[in-house]
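Hi everyone, thanks for making the time. I'd like to walk you through one chain today, going from its overall layout down to a few single residues. Let me put it on the screen.

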Amino acid sequence: MSEALLPVEPGRQRLLRLDSAVILKRFLYLERAVIVAAAAWIPAVRRLETKALLSRSAWEDAETAKALRNRIFELRYPDRTLELGSERPLVALFDAALDAPGPTDLLVAFAEVLLPAQRTAYEDYLELSDDIADGPTRRFLEVSVKEKALRERALRDASEHELGATSEWVANLKDRLDELLGVSLEPPSYTDTGPRITGGRPFGLAQEAARDPRYFLTPFYWPDALDPDYPYGEGMLLQLRSAVSHLNEVWAVETAAAVLHAFQRELGWDFLFDAARWLYDESRHMTMGARRLAFWGFEPGQIPLGSYIYQACRDQDPIYRLAMLSFFESKNIGKKKVRAAAFGGLGDRTSQRDMDFDWADEAIHAGYGRRWLRTALEVRGQDPESWPGLVSRCESLVSERVARATEPERRACMEGAAALLARAEEIVLSSSGSAARTASP
Ligand SMILES: [Fe+2]
Ligand SMILES: [Fe+2]
């Protein structure tokens with residue numbers, strides 16, 4: 001009688017706590033690989049929408065990675081180690097996405113190989129796990145499955161707008177993943193990391209950011225970069241300058257992307273999560289500008305899209321990019337509240353709302369900047385309080401780029417702004433004309 005047992009409920013006996021933690025650890029490292037590759041390629045893709053898509057990709061996956069890491073710690077308490085074991089070859093394969101030969105390959109590899117493999121593995125996990133035992137994991141994996149499915153389609157569409165056809169590297173990546181039996185829930189049976197994926201190219205950050213050719217491309221997007229006395233403006237000028245400024249936060253998107261890639265190993269997981277949010281926020285600011293300008297009726301070809309701040313850090317130690325992002329992007333934080341109020345006074349609710357949310361983001365970013373610039377110095381064995389030296393070097397780098405402005409660059413900047421202002425006058429006239437027509441009986 002003592003051997004008699006109550007029966008086991010079918011379907012609830014699978015995936016014990018530690019088995020789950022091992023699988024989630026595999027998922028965590030694969031997420032890190034796709035977060036880093038998405039960010040690292042942002043300066044090299046041309047379209048603003050693609051830069052925004054990759055920024056969102058990095059952030060969504062970073063949210064999943066953060067939840068995975070916390071959950072692994074919960075399941076393995078009190079063990080907080082995250083050492084890789086037999087999954088090393090699989091992680092190495094995902095890490096190799098960084099070495100895509102070009103932006104189209106990267107986008108297609110994400111859309112057709114890497115994200116589907118992750119999503120299918122998450123679906124398998126959801127199939128095998130139990131809502132009562134492991135509900136906290138299931139919730140964030142369900143979200144990630146939806147996010148990745150949507151993103152796979154968006155990335156495929158984006159790949160059609162980048163330069164260059166897909167090379168055989170994507171097929172080689174897929175073959176290698178098939179050899180490793182994909183992202184499985186089973187413990188991997190392979191041991192060697194395998195050959196390099198042929199057709200790839202060792203990654204190097206794009207030192208000249210690719211630009212969306214539909215815009216009016218000019219290194220200096222507004223005359224005040226060249227002439228400090230050029231007024232910021234009020235009323236319609238303020239609306240316009242602020243939208244152009246938001247759009248041109250493209251440099252902050254690219255800089256956040258570059259620092260995420262450059263410092264994630266040195267500074268660890270918490271930096272990775274903050275940098276992904278920082279990146280996503282800057283891409284939202286850029287998109288705010290693009291949307292307002294499009295709504296007002298400006299054609300992209302009339303809108304100046306600059307590059308001088310990113311260019312100023314060309315071939316510099318990435319710590320200067322971190323300093324640039326930390327201090328240059330949030331130095332106007334005080335003005336943002338004032339401008340949000342000014343837009344409120346003008347009745348421009350959209351500009352007001354964008355500026356208001358931007359202000360809240362900048363308050364977070366100021367904290368990121370203070371924390372990570374100091375930590376980056378500390379990790380390098382330098383005085384964490386020596387950061388003002390980095391900031392003044394950044395100021396010099398920008399001044400040097402401005403000093404190198406050629407006559408055609410200056411002219412393009414001045415003419416671009418003048419043409420945009422003239423177009424704005426036309427839009428204001430035609431909208432006040434149509435408002436008058438609507439009002440008249
Ligand atoms: Fe920003
Ligand atoms: Fe910012």
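Let's begin with the layout. The domain assignment splits the chain into domain 1, residues 17-179, and domain 2, residues 216-439. Please keep in mind that this is a predicted model. Between the C-alpha centres of the two domains the distance is 29 Å. Where they touch, domain 1 puts in 17 residues and domain 2 puts in 19 residues.

Which elements of domain 1 give two or more residues to that contact? They are α1 (17-40) and α2 (48-76). Of these, α2 gives the most, with 10 residues. If you sort the domain 1 side by class, you get 11 nonpolar, one polar and five charged residues.

Now let's go inside. The largest nonpolar core holds 115 residues, and the ones with the most contacts within it are Ala-58, Ala-97, Leu-260 and Leu-279. Helix α8, residues 250-296, supplies the largest share of this core, 22 residues. And where does the core sit with respect to the domains? Domain 1 and domain 2 both contribute residues to it, so the core lies between them. As general background, nonpolar side chains in soluble globular proteins tend to be buried together.

Leu-279 is a nice residue to click on here. Leaving out residues up to four places away in sequence, Leu-279 touches Ala-39, Ser-55, Ala-58, Trp-59, Val-253, Ala-256, Ala-257 and Leu-260. Two of those partners, Ala-58 and Leu-260, are also on the list of core residues with the most contacts.

Next, a helix that I think is fun to look at end-on: α6. This helix has 12 residues and reaches 17 Å from its first C-alpha to its last, close to the 16 Å expected at 1.5 Å a residue. Which residues of α6 are buried? Trp-169, Val-170, Leu-173, Arg-176 and Leu-177 are. Look down the axis and you'll find that the buried residues fall within an arc of 125 degrees, so they line one face of the helix. For anyone who wants the textbook reminder, an α-helix has 3.6 residues a turn, so residues three or four places apart point the same way.

What do the buried residues of α6 pack against? Their partners are α3 and α4 (103-128). On the face turned away from the buried side, α6 carries the exposed residues Glu-168, Asp-178 and Glu-179.

Just after α6 comes Leu-181, and here the backbone does something worth a pause: phi is positive, at about 65 degrees. Leu-181 belongs to the loop between α6 and β1. Is Leu-181 buried or exposed? With 12 other C-beta atoms within 10 Å, Leu-181 is exposed, because 12 or fewer is the cut-off for that class.

Leu-15 has a positive phi as well, about 50 degrees, although it is not a glycine. You'll find Leu-15 in the segment before α1. Leu-15 is partly exposed, with 17 other C-beta atoms within 10 Å.

One more backbone feature: the peptide bond that joins Tyr-77 and Pro-78 is cis, with omega about 5 degrees. Pro-78 lies in the loop between α2 and α3 (88-95). For context, most residues other than glycine have a negative phi, and most peptide bonds are trans.

Let me finish with two residues and their surroundings. Ala-206 sits in the loop between α6 (168-179) and β1 (216-217). Ala-206 is partly exposed, with 17 other C-beta atoms within 10 Å. Beyond its neighbours up to four places away in sequence, Ala-206 touches Pro-43 and Ala-44. From Ala-206 to Leu-240 you travel 34 residues in sequence and 30 Å in space, C-alpha to C-alpha.

The other residue is Ser-242, in helix α7, residues 236-247. How many other C-beta atoms lie within 10 Å of Ser-242? There are 26, and Ser-242 is buried. Setting aside neighbours within four places in sequence, Ser-242 is in contact with Arg-339, Ser-351 and Met-355. Ser-242 and Ser-184 are 58 residues apart in sequence and 49 Å apart in space, again C-alpha to C-alpha.

That's my tour. Thanks for listening, and do rotate the model yourselves!

Methods. Residues numbered from 1 in each chain as written. Chains lettered and ligands numbered in written order. Predicted model: local features only at pLDDT ≥ 70, side-chain atom pairs only at ≥ 80, totals over all residues. Domains from an automatic or database assignment. Contact = placed C-beta atoms within 7 Å. Helix = DSSP H or I, 4+ residues; strand = E, 2+ residues; numbered from the N terminus. Nonpolar A, V, L, I, M, F, W, Y, C, P; charged D, E, K, R; others polar. Core = buried A, V, L, I, M, F, W, Y, C linked by C-beta atoms within 7 Å. Buried ≥ 20, exposed ≤ 12 C-beta atoms within 10 Å, placed from the backbone. Expected span 1.5 Å × (residues − 1). Arc of directions from axis to C-beta.
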